[in-house]
Amino acid sequence: MTEHTVKAFDQEIGELRAMVAEMGGRAEAAIADAMTALRRRDLELAQQVVGNDRLIDELEARLEKLVVQTIALRAPMADDLRVIIAALRIAGVVERIGDYAKNIAKRVPLISHLAGEEPLALLPSMGQTVREMVKDALDAFAARDADKALAVIDQDRAVDDFYNSVFRTMVTFMMENPRTISESAHVLFIAKNLERVGDHATNVAEMVYYAATGQHPPERVRGQDILQQQDQ
Amino acid sequence: MSVRLSRPPALALIAVAVGAAIVLYLSDSWAAMLVCGLSGLFAAMWRREEAPGPIVQNRPPQPTEASDQPDLQSLIGALPDPALIVAAGRIATANRAALDLLGNHVLGDDVRLAIRHPAVTEYLFGGRPVTAAVRMELVGIGAPDQSWDLRIAPLSQTHQLVLLSDRSARQAAERMRVDFVANASHELRTPLAGILGFIETLKDGEAGADTPTRERFLAIMEGEARRMQRLIDDLISLSRIEADKFRLPDQTVDLADLVTEIAAVVRENGHERGRDLVVDSGLARAPVRGDQAQLSQLLHNLVSNAMKYGQPGTPFTIAVRPDSADTVRLSVTDEGDGIAPEHLPRLTERFYRIDSSRSRAIGGTGLGLAIVKHIVERHRGRLQIDSVPGKGTTVSVVLPVANGPDASTKA
């Protein structure tokens, strides 16, 4: 390959990585705004989050196009191809994180009555942990930092524990307050969405770790699985 | 002697005079030698006259060459706050503060890899040329809650200046005030109500007259009052730590020494549980960038918890071990009842207790782990709590190792 072609290829990879970072920034803002809207019962802010998700989707579409063009034009091999595919996969995961944020925002108008009650009190802390995971995963991506990626993977267990805690609390709450079951179900879905965002942040971290070291990260300790039988 | 004479001619004159003196000496003429000697003397005195300097003294040096004119690189380098020059969407120049904040890798990278807030990316990559200066408030660069004032100013068609200014200290101070009042009033009300209740009862003739009753009530009142005292100490501690949270500590603290110190204090205290302390000295030296007083408080809180919640007679261990290439792990392990997983994420919340009555009976304020968490955050470390119900708990703190005497490059 001539130097000119290599330089242009480097530019394309740089652009791909920058686009992933840009999408990441939007997804982070979406989660933050959705949780703020939930805490403040801010219906307008929730509406904005739903509307802005379109921008994340558009970025992902543009990125896909650039990936296809780059592969067609440069016919990259080995490591170069892996980097491009990694960018594509991470972009897909980030887009799903944006979708979960949108989903949370959509439920804000549906749970206004429960505000201030015990179940809602758990969500802000869970949201904060998840936001930090997403931030750290994206920072690790930008810096190609394997250690930071590992730290994110470690935090997933805390989020799983949080979710189990919310689940148990909500089940008890629903049994004691049957009239709130509809809204409580939405709170449960929001908690599940946050737990899934945590999982996705972990996926990004695993891909970053692999890209940086060439190896898969060590098997992570999982949180207690409430789907397992009680008497085990 | 006002004749100006610069050095070389004066020296030449002395040389001539001396030479002539030698010649005349050899020709035996004392008078002539005297004349030569005197003229040499005059020449020396002239020589001492310095050229008169400029009338205005002590001005800074004038620029004389083109290289004296400062360039953008040195200008940016001289600014204390993080500053970047962005050219065609890439970070062309960054000062030390910016690299410490955003990471050393950002130089030459697309600016979106360093700062990805939508407000910034929209402004710089929105398709419209950057023609006016803007100011934005951002949260989440560096530490998760750190807030910044970010300014973008166009320098030319292709170059922009990006400046960051830390707002978090101011915000933290404001929020602290509000939080302090809320927390303090709630937790202080309970013991205060208890004390007032007992005072009322003692004022009443019957209860006050009966000595055993009076002594019992007074003991309870003293206990409650001391609880309030400990609580206030912890609240003030917490406020101070929070106010300082975004200022990086600047001392170098050896964790191994710290552990030895605290272990000695615990053993000498004479407390029953002091005998159960085990020190696992995995590392002889573990220097970290930190604040001696705060790390001491952190370890004290963790040890205090282990002593309170571990089963009496069982060992509790302090260990300092290497964690990764550039981090070290300090952990305290006890063999108590352990903590159920659903409580783990909330343990560092202020006043969160699993069993309120037990915690209060042991003398806990509910703030120990909140204080530990904030100290760990200030030190850019990580807090990890692992527990198996029925077996015990390990609280670990992972901290970055200090590099040599000047640790200012590690963020």
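Among the contacts in chain A between residues at least 6 apart in sequence, 83% join residues at least 24 apart. This value, like every other in this report, is computed from a predicted model, and it introduces a chain whose elements can be described one after another.

Chain A contains 6 helices and 0 strands, so that its elements, read from the N terminus on, follow the order α-α-α-α-α-α. Of the 232 residues in chain A, 50% count as buried, and the accessible surface of the chain comes to about 11700 Å², with 50% of that area belonging to carbon and sulfur atoms.

Chain B is built from 12 helices together with 12 strands. Its 411 residues include 38% that are buried, while its accessible surface comes to about 23100 Å², of which carbon and sulfur atoms hold 56%. For contacts in chain B between residues at least 6 apart in sequence, the share joining residues at least 24 apart is 59%.

Two helix pairs in chain A can be followed in detail. Two packed helices are described by the angle between their axes and the distance between the axes.

The first pair to consider joins helix 2 of chain A, residues 43-74, with helix 3 of chain A, residues 78-107, and their axes come within 9 Å while crossing at roughly 165°. Because angles over 145 degrees count as roughly antiparallel, helix 2 of chain A is roughly antiparallel to helix 3 of chain A. The residues of this contact between helix 2 and helix 3 of chain A divide into 15 nonpolar, 3 polar and 8 charged, and helix 2 of chain A passes helix 3 of chain A in a left-handed crossing.

Helix 3 of chain A also packs with helix 6 of chain A, which spans residues 181-213, at an angle of about 165° and with the axes 9 Å apart. These two helices, helix 3 and helix 6 of chain A, are therefore roughly antiparallel to each other, and helix 3 of chain A passes helix 6 of chain A in a left-handed crossing. In the contact of helix 3 with helix 6 of chain A, the residues divide into 14 nonpolar, 4 polar and 5 charged.

The contact residues of both pairs are set out below.

| Helix pair | Nonpolar | Polar | Charged |
|---|---|---|---|
| Helix 2 and helix 3 of chain A | 15 nonpolar residues | 3 polar residues | 8 charged residues |
| Helix 3 and helix 6 of chain A | 14 nonpolar residues | 4 polar residues | 5 charged residues |

Methods:
Residues are numbered from 1 along each chain as its sequence is written. Chains are lettered from A and ligands numbered from 1 in the order in which they are written. This is a predicted model: local features need pLDDT of at least 70, side-chain atom pairs count only at pLDDT 80 or more; totals for chains, interfaces and linings use all residues. Side-chain values use heavy atoms; hydrogens and water are left out. Axes are lines fitted to C-alpha atoms, for helices over the stretch in contact, and angles run from 0 to 180 degrees between N-to-C directions. Helices (H or I, at least four residues) and strands (E, at least two) are DSSP runs, numbered from the N terminus. Angles under 35 degrees count as roughly parallel, over 145 as roughly antiparallel, 65 to 115 as roughly perpendicular and the rest as oblique. A crossing is left-handed if the near helix is turned anticlockwise from the far one by less than a right angle, and right-handed if clockwise. Ala, Val, Leu, Ile, Met, Phe, Trp, Tyr, Cys and Pro count as nonpolar, Asp, Glu, Lys and Arg as charged, and the others, Gly among them, as polar. Buried means under 20% relative accessible area, exposed over 50%, partly exposed in between (1.4 Å probe, protein chains only). Contact means heavy atoms within 4.5 Å. Accessible areas come from the Shrake-Rupley method with a 1.4 Å probe; for residues, only the protein chains shown count as cover.
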